[in-house]
Amino acid sequence: MSKVDRASTNKLLPHDTYELILRDLAEISYDEGLCLNLYNEPTSDKSLLLNRIRRARELLPAARIYFSSNGDYLDRDYVRELISAGLSELYISIHAPAGKPYDDAYAATRFNDLSRRLQKAIKIDILRPGETMQGHVNIEKLPIHVFATNYYTLGSNRAESVGLSSGAFSRSAPCSRPFNDFTVSYDGTLFPCCQMFVDFAEHTQRYAIGKLTDFPTIFAAYASQAMAEWRKELLRYGPKLSPCATCTEGQHEGTPEQIATREKVYSEFLGPSQVVSSPSAGGSWLGGIRRWRVARRSK
Ligand code: SF4
């Protein structure tokens, strides 16, 4: 269960921060994904959401604008408004009731209820009893992906903030998140991936890259020393530092070819491979980020 209160107050990403991001992306005619949620329910404030989608579509005509929702507020008319605002894709995550375990029957009931509100049947693509139910529906060409997941067995520990037992698990796989993602919290705090969130003090103290306003552009933030350190750490197969050491997100065993390819890229761009200290020895990002912060302050 979450240790963070996300319900008693409603804090919004300021308009100016959103504009900074969109304007930087517009400079490069950005045509990749723009995700509008991060541990919140975007559909709870309809006019704000529609305005933000419209503005993003105006400045980024080629971007894939999408978000994840719990689906509670959605119906056919709401989806139509999202489409006309410029939404590209929608993900609906069906959750078990607070404090209750995953339940196939409950998930099926919620799928049916959502189908009724969307006025269209959701086609079930994957059904693994006790684990997951996944489907899709298109409304006026808007792809909507619907899924219910047993997070007790398939979830990750959210950068060690959630008490999911990973046993003796120790991650060896690379991770593409700090390469592909740029995660901005509602107050402008930046993280290397969306597993970390700003209201969890330990995450902010240990893993925040800084605030968006610390950098002249989002590209400078992406290319910062701190972000480069995360990418360097996560490029290769091998032991990882905390919190990645116990993160199951995208974990897989590499084939000899995959491992060799990563080693080649690493040595080409970063020089001879360096072995990461054992995570069990308490290695974490804290030391590296602190050194980086001191270096930044002294400039
Ligand atoms: S391994 Fe997990 S915690 Fe680390 S960057 Fe990737 S997704 Fe985030």
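Is Gln 119 buried or exposed? Gln 119 is exposed, with 11 other C-beta atoms within 10 Å; a residue counts as exposed if 12 or fewer other C-beta atoms lie within 10 Å of its own, as buried if 20 or more do, and as partly exposed in between, with C-beta atoms placed from the backbone. The structure is a predicted model, in which local features need pLDDT of at least 70 and side-chain atom pairs count only at pLDDT 80 or more, whereas totals for chains, interfaces and linings use all residues. Residues are numbered from 1 along each chain as its sequence is written. Helices (H or I, at least four residues) and strands (E, at least two) are DSSP runs, numbered from the N terminus.

**Ligand surroundings**

- The ligand is surrounded by Ala 159, Cys 175, Arg 177, Pro 178, Pro 192, Cys 193, Gln 195, Leu 234, Pro 243, Cys 244, Cys 247 and Glu 249; a residue is near a molecule if its C-beta atom, placed from the backbone, lies within 6 Å of it.
- This shell comprises nine nonpolar, one polar and two charged residues, where Ala, Val, Leu, Ile, Met, Phe, Trp, Tyr, Cys and Pro count as nonpolar, Asp, Glu, Lys and Arg as charged, and the others, Gly among them, as polar.
- Pro 243, one of the residues around the ligand, lies in the loop between α9 (225-234) and α10 (256-270).
- The peptide bond from Ser 242 to Pro 243 is cis, with omega near 10°.

**Packing of α2 and α3**

- Helix α2 (residues 46-59) packs against helix α3 (residues 76-85) at an angle of about 25°, and the axes are 8 Å apart. The two helices are therefore roughly parallel, a term for angles under 35 degrees. Axes are lines fitted to C-alpha atoms over the stretch in contact, and angles run from 0 to 180 degrees between N-to-C directions.
- From α2, Lys 46, Leu 50, Ile 53, Arg 54 and Arg 57 meet Tyr 78, Glu 81, Leu 82 and Ala 85 of α3; contact requires C-beta atoms, placed from the backbone, within 7 Å.
- By class, this contact of α2 with α3 has five nonpolar, no polar and four charged residues.
- Ile 83 is also located in α3 and counts as partly exposed, with 16 C-beta neighbours inside 10 Å.
- Not counting residues up to four places away in sequence, Ile 83 touches Glu 140 and Leu 142. The C-alpha atoms of Ile 83 and Leu 142 are 7.0 Å apart, although 59 residues separate them in sequence.

**Strands β2 and β3**

- Strand β2 (residues 64-69) runs parallel to β3, and four bridges join them; strands pair if DSSP finds at least two bridges between them.
- Ser 68 stands opposite Tyr 91 in β3.
- Side chains alternate along β3 (residues 89-94): Leu 90, Ile 92 and Ile 94 point to one face and are buried, while Glu 89, Tyr 91 and Ser 93 point to the other and are not.

**Backbone and loop residues**

- Most residues other than glycine have a negative phi, and most peptide bonds are trans.
- Gln 119 is not a glycine, yet its phi is positive, at about 60°; Gln 119 is found in the loop between α4 (104-118) and β4 (123-128).
- Ser 29 has a positive phi, near 50°, and is placed in the loop between α1 (15-27) and β1 (33-35). Ser 29 counts as exposed, with 11 C-beta neighbours inside 10 Å.
- Ser 224, in the loop between α8 (218-222) and α9, is partly exposed, with 18 C-beta neighbours inside 10 Å.

Terms used:
Angles under 35 degrees count as roughly parallel, over 145 as roughly antiparallel, 65 to 115 as roughly perpendicular and the rest as oblique. Two residues are in contact if their C-beta atoms, placed from the backbone, lie within 7 Å.
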